[in-house]
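Reader: Could you take me through one part of this protein up close, and then show me how the rest is arranged around it? I would love a connected account that I can follow with the model open beside me.

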Amino acid sequence: MKQVANVRQDGMTSDLIQVDRALESLRDSGFDLSTACGETVDNSIEANASILKIKTFGAKQIDAIAFADNGKGIDPRDLASVLKLGYSTRYNQRQGLGRFGVGMKLAGISQGKRIDIYTKPLGEEAIYHAYIDLTEISNGVQTEIRTEKFSNFPVEYDGLMQDGQKSDSFESGTLVIWSKIDRLVEGGKFGNSNQQRLQELTKFLARAYRKFINQGLKIQMNEKEIDLHDPLFILESKRASELLGENATAEIIQSDSIEIDGQKVIYSVTLLPEEVRRVRGEGGEKGSVKKYSPLYISDNEGKVSILRNGREIYYDTISRFLPARKDQDRFIGVEIDFPATLDEYFQVRNVKRGAVPVDKLRSELRAAIQKPFMAARKKIEETWNKTVREQRKEEESHTPATDAMKRAEETSPRGRGGLNISEKDAEEKLKDLLLDQGIDPDTDKDAADAFKQKVTELPITLSDGSWPGKELFDITHLNGRAIIQLNHRHPFIRGVYDPVKELADSDPELVSAEELLRFARLVEGAMDVLFMAYAKAENMHLTPDDAYADLRSYWGQFSAAYVQELLK
């Protein structure tokens with residue numbers, strides 16, 4: 001029998017709501033799987049649970065989700081009302097995580113059409129049960145919520161109501177089951193898979209309840225205990241400790257508060273451990289720090305974590321709150337923690353999803369966070385520059401240019417210079433090059449072999465030399481390869497090139513802006529002079545276009561390819 005609105009005979013009165021349609025409409029109340037599960041977790045925490053187990057049933061199609069805790073249970077006199085919209089034993093209280101009396105119910109029906117609650121109150125042996133079923137309500141089968149008494153939990157869920165380590169049944173606790181789930185279907189070509197949804201749920205639980213997990217709360221997801229994830233890296237995480245060792249915690253740049261109506265809004269800005277932010281452009285997903293990807297560092301970029309009574313209710317960007325986003329921001333943690341008594345100042349909704357400070361408070365928080373945020377950025381830049389200096393000390397001279405050339409040469413035509421030289425002449429030329437490098441092949445065989453290997457493997461080798469005369473460099477062509485010797489007595493090398501290399505190796509803290517500007521102007525003028533000197537050299541020939549047209553074309557072609565790789 002279909003349930004219909006109860007209209008009085010006089011046509012002048014009616015029930016406040018048409019229950020079946022109202023409940024169906026409320027299913028689309030803004031919950032996704034993660035935030036829906038969070039409402040039930042909140043209730044377990046409110047019930048003083050120290051162990052919470054979540055288990056899904058079904059793989060590609062999730063049919064049911066069970067939540068089991070060892071909390072104090074629910075008073076059987078309240079149980080039937082617990083599933084009633086708007087009912088809460090803590091309605092509008094601000095001391096805990098709940099407030100409105102709709103969260104757990106709306107969360108459950110947002111995913112499935114039935115919610116069952118089994119509870120064993122502290123000090124009792126009996127188990128009490130109540131349920132709500134939208135299909136039965138629609139068909140007129142269920143017209144009220146009743147509490148029934150049982151001696152055991154359902155067999156298929158009984159194992160959840162035990163301490164796995166001790167194999168003892170919980171002395172008290174509550175089992176919540178969502179079933180007739182119809183919102184977790186595999187999503188087609190562009191939809192989310194259930195595996196992805198469960199991964200996101202695990203990340204959400206690890207982050208949203210990090211402070212509770214840190215204080216001893218155990219949350220299991222499909223029989224695997226969840227380790228906390230703190231985007232600020234203040235709280236100790238097992239995963240972070242395994243990957244980072246004793247350097248797993250962040251540096252607190254600033255932690256302070258703003259007082260509102262006698263209550264404190266605490267804000268914190270942290271700088272993630274140096275180990276995960278040594279190299280510019282890596283960020284935990286590629287390069288030498290890819291191994292740190294399980295720490296979700298890249299998720300952090302530009303986001304603010306907002307906690308209400310210690311439980312995260314927002315983790316996202318806030319418009320015009322942080323400075324314009326930069327790559328290094330993923331290494332900066334920003335957290336705002338406020339008491340529920342200040343809900344109105346953060347525009348908290350009944351689903352506890354989303355919390356943005358009102359305009360005046362946002363402006364004050366933004367001003368307070370700006371300075372430590374920029375200080376954290378500066379420290380990251382200092383670390384990146386320090387890493388570059390250390391790498392340059394370890395690398396051979398000319399390494400960046402050589403690497404760029406090697407990448408470009410993978411698709412360049414092969415050189416032809418020196419292909420017609422005899423093997424004996426090539427050996428003599430190599431010996432001369434070694435002596436120019438200050439290497440005696442008879443007394444320093446290892447150094448000689450290393451140099452020979454380099455010049456025979458690389459298409460072009462840059463080396464340093466010094467001799468009297470006006471030559472800027474000398475080039476030896478061997479078997480299609482070129483060896484360049486820079487003359488460090490030449491005024492260009494001595495007065496421009498060497499000082500620029502020295503500047504590149506220096507500590508940026510010791511270099512003034514004026515000095516950098518002076519060097520930039522020097523390099524600008526020196527490059528202009530090189531072009532003009534080359535033009536003058538061509539001009540010494542009677543028919544330069546005939547003699548140097550190919551040279552000009554090749555020089556432009558290969559310099560473009562090498563520079564493009566260098567800029568990468």
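**A close look at strand 15**

Author: Happy to. Strand 15, residues 332-338, is mostly covered, with seven of its seven residues buried. This is a predicted model, so please read everything below in that light.

Which residues of strand 15 lie on each side? Ile-332, Val-334, Ile-336 and Phe-338 are on one side, while Gly-333, Glu-335 and Asp-337 are on the other. Both faces are covered, and the residues just named are all buried.

Now look at the strands that pair with this one. Strand 12 (residues 263-271) runs antiparallel to strand 15, and six bridges join the two. Within that pairing, Val-269 has Val-334 of strand 15 as its bridge partner. Strand 13 (residues 304-308) pairs with strand 15 as well, here in the parallel sense and over four bridges. Arg-308 is the residue that stands opposite Phe-338 in strand 15.

Stepping back, the protein holds 15 helices and 18 strands. Of its 568 residues, 42% are buried. Among contacts with a separation of 6 or more, 61% are between residues 24 or more positions apart.

Next come the nonpolar cores. The largest has 46 residues, and those with the most contacts inside it are Ile-65, Ile-117, Trp-178 and Leu-205. Helix 6 (residues 194-208) gives this core its largest share, six residues. A second, separate core of 40 residues includes Val-269, Ile-297, Ile-336 and Ala-355. Two of these names bring us back to where we started: Ile-336 is one of the buried residues of strand 15, and Val-269 is the bridge partner of Val-334.

Let's stay with the largest core for a while. Setting aside neighbours within four places in sequence, Ile-65 is in contact with Leu-33, Ile-54, Lys-55, Thr-56, Val-176, Ile-177, Trp-178, Ile-181 and Leu-184.

Helix 6 deserves a look of its own. Its 15 residues reach 20 Å from the first C-alpha to the last, close to the 21 Å expected at 1.5 Å a residue. The buried residues of helix 6 include Leu-198, Leu-201, Phe-204, Leu-205 and Ala-208, and charged-looking names such as Arg-197, Lys-203 and Arg-207 are buried there too. What do the buried residues of helix 6 pack against? They pack against helix 2, strand 1 (51-57), helix 7 (210-214), strand 9 (218-221) and strand 14 (311-316).

Helix 2 (residues 33-46) contains Ser-34. With a relative accessible area of 10%, Ser-34 is buried, because buried means under 20%. Leaving aside neighbours within four places in sequence, Ser-34 is in contact with Glu-200, Leu-201 and Phe-204. Two of these, Leu-201 and Phe-204, are among the buried residues of helix 6.

Elsewhere there is an open sheet of eight strands, in the order 5-4-3-8-2-1-9-10, with mixed pairing. Its edge strands are strand 5 (148-150) and strand 10 (224-225), each of which pairs on one side only. Inside this sheet, strand 3 (residues 112-120) and strand 8 (residues 173-181) run antiparallel and are joined by eight bridges. Thr-119 stands opposite Thr-174 in strand 8. Helix 4 (residues 103-111) lies across strand 3 and strand 8, running at about 135 degrees to strand 3.

Gly-173 also belongs to strand 8. At 0% relative accessibility, Gly-173 counts as buried. The C-alpha atoms of Gly-173 and Asn-70 are separated by 4.1 Å, although the two residues are 103 residues apart along the chain. Beyond neighbours within four places in sequence, the contacts of Gly-173 include Asp-69, Asn-70, Gly-71, Tyr-118, Thr-119 and Met-161.

Finally, please turn to helix 11 (residues 423-436). Its 14 residues reach 20 Å from the first C-alpha to the last, close to the 20 Å expected at 1.5 Å a residue. Ala-426, Leu-430, Leu-433 and Leu-434 are buried in helix 11. They cover an arc of only 100 degrees around the axis, so they sit on the same side of helix 11. In an α-helix there are 3.6 residues a turn, so residues three or four places apart point the same way. The buried residues of helix 11 pack against helix 12 (445-457), strand 17 (473-478) and strand 18 (481-487). Just after helix 11, Gly-438 takes a positive phi of about 80 degrees.

Key: Residues numbered from 1 in each chain as written. Predicted model: local features only at pLDDT ≥ 70, side-chain atom pairs only at ≥ 80, totals over all residues. Heavy atoms only, no water. Core = buried A, V, L, I, M, F, W, Y, C linked by side-chain atoms within 4.5 Å. Buried < 20%, exposed > 50% of the residue type's maximum accessible area, 1.4 Å probe, protein only. Contact = heavy atoms within 4.5 Å. Pairing = 2+ DSSP bridges. Axes fitted to C-alpha atoms, helices over the stretch in contact; angles between N-to-C directions. Expected span 1.5 Å × (residues − 1). Arc of directions from axis to C-beta.
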